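Visitor: I would like to go through this structure by question and answer, with the cut-offs stated.

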Amino acid sequence: MANDGCSTSGSPLACDLSAISASDRPRYNELRRAVAASVIGKRELPDGLAIQVDIGQIALPQIAEWISFERKCCPFFEFRIDLAPESGPVWLSLTGRAGVKEFISEAFAG
């Protein structure tokens, strides 16, 4: 049987931008650029990637809004936001099943 990118555990490991309405895509793209511009650190996780974000460049509600869009087009991601005490670092983790780590590493390369 050929591997079509699907697994028995869920959706294919492919971004489906059609899951975001045409009217929402400009906002999604704006948030995607803002998240990318706010990255000040990265660390590899066993099943994904954690990115440190500068909340001086992007507010937590904007990160949450971006996640709400990403959950539509990439339902195979698991998201977690870690907020350190006393205004410490903010980390956004994107993890998931086998293959997600490579998928997200390509998206946040550079």
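The exchange below covers the sheet, the helices, the rings, the cysteines and some single residues.

Visitor: What kind of model is this, and how are residues numbered?

Guide: This is a predicted model, in which local features need pLDDT of at least 70 and side-chain atom pairs count only at pLDDT 80 or more, while totals for chains, interfaces and linings use all residues. Side-chain values use heavy atoms, with hydrogens and water left out, and residues are numbered from 1 along each chain as its sequence is written.

Visitor: In what order do the four strands of the open sheet lie?

Guide: Helices (H or I, at least four residues) and strands (E, at least two) are DSSP runs, numbered from the N terminus. Two strands pair if DSSP finds at least two bridges between them. The pairing in this open sheet is antiparallel, and the order of its four strands is 1-2-4-3.

Visitor: Which strands are the edge strands?

Guide: Strands of a sheet pair through backbone hydrogen bonds, either parallel or antiparallel. An edge strand here pairs on one side only. The edge strands are strand 1 (39-45) and strand 3.

Visitor: How many bridges join strand 2 to strand 4, and which residue stands opposite Ala 50?

Guide: Strand 2 covers residues 48-53 and runs antiparallel to strand 4, with six bridges joining them. Opposite Ala 50, in strand 4, stands Ser 93.

Visitor: Which strands does helix 1 touch, and what angle does its direction make with that of strand 1?

Guide: Axes are lines fitted to C-alpha atoms, for helices over the stretch in contact, and angles run from 0 to 180 degrees between N-to-C directions. Contact means heavy atoms within 4.5 Å. Helix 1 (residues 25-38) packs on the sheet and touches strand 1 and strand 2; the angle with strand 1 is about 85°.

Visitor: At what angle to strand 2 does helix 3 run?

Guide: Helix 3 lies across strand 1, strand 2 and strand 4. Relative to strand 2, helix 3 runs at about 35°.

Visitor: Is Lys 101 of helix 3 buried or exposed?

Guide: Lys 101 is located in helix 3 (residues 100-107). Leaving aside neighbours within four places in sequence, Lys 101 contacts Glu 44, Leu 45, Pro 46, Asp 47 and Gly 48. Buried means under 20% relative accessible area, exposed over 50%, and partly exposed in between (1.4 Å probe, protein chains only). At 19%, Lys 101 counts as buried.

Visitor: Why is the pair of Phe 76 and Phe 103 classed as it is?

Guide: Rings of Phe, Tyr and Trp (its six-membered ring) pair if their centres lie within 6.5 Å; planes under 30 degrees apart count as stacked, over 60 as edge-to-face and the rest as tilted. By this rule there are six aromatic pairs. In the pair of Phe 76 and Phe 103, the centres are 5.2 Å apart and the planes are at 90°, so the class is edge-to-face.

Visitor: How far apart in sequence are the parts that this pair ties together?

Guide: Phe 76 is buried at 6% relative accessibility, whereas Phe 103 is partly exposed at 26%. Phe 76 lies in the loop between helix 2 (60-73) and strand 3, and Phe 103 in helix 3, so the parts tied together are apart in sequence by 27 residues.

Visitor: Which residues do ring pairs link into a cluster?

Guide: Phe 76 and Phe 103 belong to this cluster. Its full membership is Trp 66, Phe 76, Phe 77, Phe 79 and Phe 103.

Visitor: Why does the count of disulfides come to what it does?

Guide: A disulfide is a pair of cysteine sulfur atoms within 2.5 Å. The sulfur of Cys 73 is 3.6 Å from the closest cysteine sulfur, in Cys 15, and so too far for a bond. The sulfur of Cys 74 is also 3.6 Å from its closest cysteine sulfur, in Cys 15, again too far. The count of disulfides is zero.

Visitor: Where is Glu 86 found, and is it buried or exposed?

Guide: Glu 86 has a positive phi, near 55°, though it is not a glycine. Glu 86 is found in the loop between strand 3 (78-83) and strand 4 (90-95). With a relative accessible area of 80%, Glu 86 is exposed.
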